[in-house]
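Thanks for coming. I will take the pockets to begin with, then some strands, then a few residues.

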Amino acid sequence: ADAKPASPPATLLAQPVAPLVVDALTAGSEMGRWLSTKGKWERRPDGLRGEEVEADKHNAVNRLGQPLGDFVFACEFRFDGAKGFSFSVNDPKEHLTRVLLTPTSFTARKDDRDKKGPDVAVNYRTETVKLDPGTWHSLVVEMVGDTFVATLDGKVTAVGTHELFRGPKVSPGFTVDGAAVTFRNVAVWSARPEPKPDWKARRDALAGATSAK
C-alpha cells in the first residue's frame, strides 16, 4: 500500500515535494489511516467501493487521518450507481472546501463554515459533464497558499481562493450519496509553499477560457 510512486500527480498549481499517502485502495492493500464513520466501505480487487447505508440517515463517509499543509491529492473514481460523491478537505474546526461530482455535473466550492453566521458557501465553478457508470475518471485537487485548484480528467478545472485555505488542513476524504462509487490509486503529496513559476499565466488562461464560455 505504501509503495512510493516514481512520479507525483500532474499539477497546474503545486510543486509536489514528497508522498504522504499512497494507496491503491484494492483488496489486500493496507487500510492504513482511513477512518470510515458512515456507510459501507469494502476493498475489492478493483478498488474501494463506498455506498450509503439507509439506516445511517447520512451519506457514506471515509476520511484519511492525515494533517496537510500545501498538498496535491489525486485519485481515480468510477460511478457504480451512486447519485453523487464529494471529495472534501476540512480544517481543525469546520468543513473547508470540496469538489462535488454527479454523473452529469462537476462543482467546486468553499464550504459554509458557520451555517447561520456571516460566512457563506462560495461556488467556484459548476460545469456539465458526462461521467458514464462503469468508466474510470481522474480527479486532482491542489491547495497551495490561499489557492484551491480541482481538475477532472485533466480537462475541467476550477480555481478558487480564500484566506482560510492558508491554515492547517485535515481529514481529506470522500462522501458518497447512494450506492455506489469505487475509488482507486489515491496519492497525497506535500507541496512547496509557492506555486509553479508559470501558475499566474495558467490561471489567467483558465479564467479566460471559463469566461469565454
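**Pockets, strands and single residues**

Nineteen is the number to start with: the largest pocket is lined by 19 residues, and Pro9, Ala10, Ala74, Ser138 and Val140 are the ones that lie nearest its centre. Before I go on, this is a predicted model, so to speak of local features we need pLDDT of at least 70, side-chain atom pairs count only at pLDDT 80 or more, and totals for chains, interfaces and linings use all residues. Residues are numbered from 1 along each chain as its sequence is written, and side-chain values use heavy atoms, with hydrogens and water left out.

A word on what a pocket is here. On a 1 Å grid over the protein atoms alone, a cavity is a set of points where a 1.4 Å probe fits but cannot get out, whereas a pocket is an open set with protein on both sides within 12 Å along at least five of seven lines; lining residues have an atom within 4 Å of a point. Grid points are joined across faces, edges and corners, and a volume is the space filled by probe spheres set on the points.

By that reckoning the largest pocket has a volume of about 270 Å³. Which strands supply its lining? At least two residues each come from β1 (16-23), β6 (71-79), β11 and β15 (179-191), and β11 gives the largest share, four residues. Strands here are DSSP runs of E, at least two residues, numbered from the N terminus; helices are runs of H or I, at least four. Sorted by class, this lining has 11 nonpolar, five polar and three charged residues. For the classes, Ala, Val, Leu, Ile, Met, Phe, Trp, Tyr, Cys and Pro count as nonpolar, Asp, Glu, Lys and Arg as charged, and the others, Gly among them, as polar.

The second largest pocket holds about 150 Å³ of space. Its lining is His58, Asn59, Val61, Arg63, His95, Arg98, Arg109 and Thr175. Strands β5 (60-64) and β8 (95-102) each supply at least two of these residues. By class, the count is one nonpolar, four polar and three charged.

Arg63 takes us to Ser88, since their side chains are joined by a polar contact of 2.7 Å. A polar contact is a pair of N or O atoms within 3.5 Å; within protein, one must be able to donate a hydrogen and the other to accept it, and residues adjacent in sequence count only if both atoms are side-chain atoms. Ser88 sits in strand β7 (residues 84-90). Is Ser88 buried or exposed? Ser88 is buried, because its relative accessible area is 0%. The cut-offs are under 20% for buried, over 50% for exposed, and partly exposed in between, with a 1.4 Å probe and protein chains only. Apart from residues up to four places away in sequence, Ser88 touches Arg63, Thr97, Arg98, Ser171, Pro172 and Gly173, where contact means heavy atoms within 4.5 Å.

Next, strand β12 (residues 147-152), in which six of six residues are buried. Thr147, Val149 and Thr151 are on one side, with Phe148, Ala150 and Leu152 on the other, and both faces are covered. Strand β11 (residues 136-144) pairs with β12 in the antiparallel sense over six bridges; two strands pair if DSSP finds at least two bridges between them. Glu142 has Val149 as its bridge partner in β12. The two strands form a hairpin with two residues between them, and Gly145 in the turn has a positive phi of about 60°.

On to β13 (residues 156-161), which runs antiparallel to β12 and is joined to it by six bridges. Here Leu152 has Val156 as its bridge partner. This hairpin has three residues between the strands.

Now the backbone oddities. Most residues other than glycine have a negative phi, and most peptide bonds are trans. Asp153, in the loop between β12 and β13, is not a glycine and yet has a positive phi of about 55°. Asp153 counts as partly exposed because its relative accessible area is 27%. Ser171, in strand β14 (residues 170-177), also has a positive phi of about 55° without being a glycine. Ser171 is partly exposed, at 23% relative accessibility. Finally, a cis peptide bond joins Ala179 and Ala180, with omega about 0°, and Ala180 is found in strand β15.
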